[in-house]
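Below are some notes for a colleague who is looking at the strand and helix packing in this entry. Please read them with the structure open.

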Amino acid sequence: MSRARVLLLNSALGPLDYRVPREMQVEPGSIVLAPLGPRQIAGVVWEPERMPSDAEVGDNRLRNLLGVYDLPPLAAPLRRLIEWTANYYLAPPAAVLRMALASASALDGGRTVIEYRATGHVPERLTAQRQQALERIGERQGLVRELAAIADVSDGVIRGLVKVGAIEAVEVAVDDPYPLPDPAFAPPELSAEQRSVANTIVTAVEAQAFQPYLLDGVTGSGKTEVYFEGIAAAVAAGRQSLVLLPEIALTEPFLKRFEARFGHLPVAWHSDLRQSQRRRAWRAIASGEAKVVCGARSALFLPYRDLGLIVVDEAHETSFKQEDGVMYHARDVAVMRASFEQVPIVLASATPAIETRQMVEIGKYRELKLPGRYGVAQMPTIETIDLTQDPPAKQRWLAPSLVAAIEETVGKGEQALLFLNRRGYAPLTLCRHCGHRFRCPNCTAWMVEHRLLARLACHHCGHVMPPPAACPECHEEDSLVACGPGVERIADEVSALFPEAKVAIVTSDTIWSPAKAAEFVNRMEAGDIDIVIGTQLITKGYHFPNLTLVGVVDADLGLQGGDLRAAERSFQQIAQVAGRAGRGAKPGRVFLQTREPGAPVIQALVTGDAESFYAAETESRREAGAPPFGRYAAIIVSSEKLDEAVETANRIGLSAPETEGMMVFGPAPAPLAMLRGRHRQRLLVHARRTLDVQDVIRQWLSALEWPRGVRVAVDVDPYSF
Ligand code: ADP
Ligand code: ZN
């Protein structure tokens with residue numbers, strides 16, 4: 001008889017064995033439906049020797065597999081990637097598999113789905129709730145569940161709107177083919193420098209061997225144009241390309257440029273897709289029909305049939321690190337995927353991470369350099385404004401010299417960008433009378449005032465409260481004061497200074513979907529915005545030739561907190577936002593407001609001497625045995641009960657193994673000591689680079705037990721600590 005080991009999609013049990021009925025054909029990678037208790041659940045057939053099972057069951061007790069999906073089996077390189085990710089990040093394989101199967105939304109059969117959309121007919125006497133729901137839905141279309149989520153109402157409200165004829169059902173085909181990108185549609189004239197780099201990438205795509213490249217080019221040097229040549233070569237050879245982007249907001253400018261170069265859009269993969277779009281994309285990726293996919297980090301685990309090239313754009317970006325669920329670093333997993341698939345990978349960045357630079361240093365990655373901007377565009381000049389010498393007025397945040405520069409820029413009909421990495425109006429609200437501060441009830445964090453949304457919000461758990469009229473503690477009215485600036489407050493200041501100017505705020509509160517990003521890009525390009533005020537969302541990817549001035553409101557902000565990567569991250573962020581200035585024919589100027597003009601980060605930016613800065617940072621990492629020279633793993637113990645979290649963390653600490661080359665610090669309260677109502681304790685493991693620290697931690701933790709309400713999560717290569 002034939003048995004199969006199956007990694008189930010939604011099971012904490014680990015892989016289980018099943019009997020394969022005589023008439024059924026399965027192979028490793030087959031996507032199957034299996035019984036689990038009273039449920040039916042999808043899974044993937046695995047090689048038993050690669051996926052040990054805790055529950056060895058005799059032949060006579062096996063249950064039958066129920067069916068095989070009519071979908072291509074998951075190929076061996078993807079199965080190896082799933083195993084590697086689960087092993088390296090100490091995550092359940094089923095959780096990684098879920099990413100590959102995109103939460104199974106792809107599996108449902110049928111060539112059409114029924115979706116819903118507004119008819120345009122608004123019946124009289126609609127309740128306020130239904131009316132508001134219709135407004136929120138606007139022109140969007142989706143399943144009842146999806147529309148209900150958009151409108152923030154129950155499914156019943158949507159069904160009610162269907163009954164009265166305000167919303168109608170439409171049949172959507174989910175197997176329509178995607179148009180093929182045309183490599184010859186509009187190839188650019190590359191400069192000699194660009195041509196030579198592009199040739200290297202094209203040759204690598206044609207050779208189809210694993211090789212990582214660091215494409216290190218200053219902002220505006222044409223990195224995108226150059227890796228597009230690699231994609232063109234892959235398309236010409238009939239292979240697929242994957243471009244990973246760090247944020248969904250960057251998808252829109254990317255799509256536009258791609259379409260201009262290849263005549264058609266690539267397939268986008270991100271969290272804003274409807275289920276039908278997700279399913280269509282998944283299937284086209286699995287069949288090989290989708291030739292170019294661009295997406296957020298989750299696109300990394302999709303079942304490409306014939307991958308030819310991976311690109312990670314803005315490869316230094318911190319948002320490639322996933323901080324919950326499977327805590328993986330998409331840049332690093334992308335390199336592993338390229339190695340399993342035996343294809344080249346291009347990591348593109350103007351400010352590569354120290355880890356990536358070190359890989360070049362030791363010869364594992366090859367470096368491709370584009371040292372100058374394309375065409376007539378020059379790098380912007382960068383100057384400091386010493387806030388101790390040139391202070392803003394009271395309760396103001398822009399220094400007089402920055403205000404003068406904005407005035408001059410806007411007066412010439414050019415655009416200005418002010419960068420402050422703080423959403424909302426003010427980071428802290430307090431009572432002048434009794435000193436009360438508004439704290440999130442679920443997190444160790446202040447409630448942040450958002451005037452545009454008329455509420456206070458926690459940026460960690462999403463808890464919101466209406467803006468209070470009086471202090472909840474001393475009941476004093478009119479005693480609440482906003483402390484410090486957020487982007488909204490800067491926008492107020494700018495509007496007061498330049499009442500005629502058209503001002504836009506760009507944060508995740510205002511740009512939360514690709515459609516919103518498109519709207520912003522269009523307004524910028526049409527000159528419908530004079531001054532943009534934005535968070536890190538505005539720092540990369542965008543290309544606005546008429547934007548000639550960048551002001552960094554608080555260049556010292558990123559250095560606070562002082563974790564290992566603070567200086568590097570601060571440098572990257574400011575260099576990126578500075579890179580938005582002067583990308584066209586008009587020269588760009590950048591002003592950094594600082595209280596410490598002599599700080600190494602600021603000096604590196606002003607002098608343009610990134611090399612010395614990186615060299616010093618790298619040296620101090622080497623001395624501390626910090627990454628990439630040593631490794632860290634964080635063990636986070638959390639519980640709703642503080643004593644349980646502390647007790648468990650202490651026991652884990654006491655049973656730490658004596659391992660050569662490894663040290664354990666803590667437990668101590670984690671940097672966010674309370675998050676979403678859970679108390680968090682942290683142990684930090686520091687290890688020699690060559691130590692298999694995952695294996696040590698696996699054995700260490702497997703010998704212990706903890707109460708039901710306690711969660712123990714391991715963050716391997718944690719980003720910030
Ligand atoms: P980076 O990604 O390095 O910041 P981009 O690829 O965005 O640079 O290029 C900056 C600008 O210069 C873009 O508008 C791009 O279209 C243009 N550009 C770069 N190289 C060329 C080229 N060879 N021909 C025409 N335009 C180019
Ligand atoms: Zn909170």
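1. A convention comes first, since the packing of a helix on a sheet rests on it: two residues are in contact if their C-beta atoms, placed from the backbone, lie within 7 Å. Please also keep in mind that this is a predicted model.

2. With that in hand, helix α15, residues 566-578, can be seen to lie across β16, β17 (415-419), β25 (547-552) and β26, and it runs at about 155 degrees to β25. Helix α16, which spans residues 600-607, also packs on the sheet, where it touches β16 and β26, and its direction makes about 140 degrees with that of β16.

3. The sheet itself is open and has six strands in the order β16-β26-β25-β17-β24-β23, with parallel pairing. Its edges are formed by β16 (381-386) and β23 (503-506), each of which pairs on one side only, and from one strand to the next the twist averages 20 degrees.

4. At the β16 edge, six bridges join this strand to β26 (residues 589-594), and the two run parallel. Which residue of β26 is the bridge partner of Glu383? The partner is Phe591.

5. A helix pair deserves a separate look: α4 (residues 144-151) and α5 (residues 155-163) pack at an angle of about 110 degrees, their axes being 8 Å apart. Because angles of 65 to 115 degrees count as roughly perpendicular, α4 is placed in that class relative to α5. Val144, Arg145, Leu147 and Ala148 of α4 make the contact with Asp155, Val157, Ile158 and Arg159 of α5; of these contact residues, five are nonpolar, three are charged and none is polar.

Methods
Residues numbered from 1 in each chain as written. Chains lettered and ligands numbered in written order. Predicted model: local features only at pLDDT ≥ 70, side-chain atom pairs only at ≥ 80, totals over all residues. Pairing = 2+ DSSP bridges. Helix = DSSP H or I, 4+ residues; strand = E, 2+ residues; numbered from the N terminus. Axes fitted to C-alpha atoms, helices over the stretch in contact; angles between N-to-C directions. Parallel < 35°, antiparallel > 145°, perpendicular 65-115°, else oblique. Nonpolar A, V, L, I, M, F, W, Y, C, P; charged D, E, K, R; others polar.
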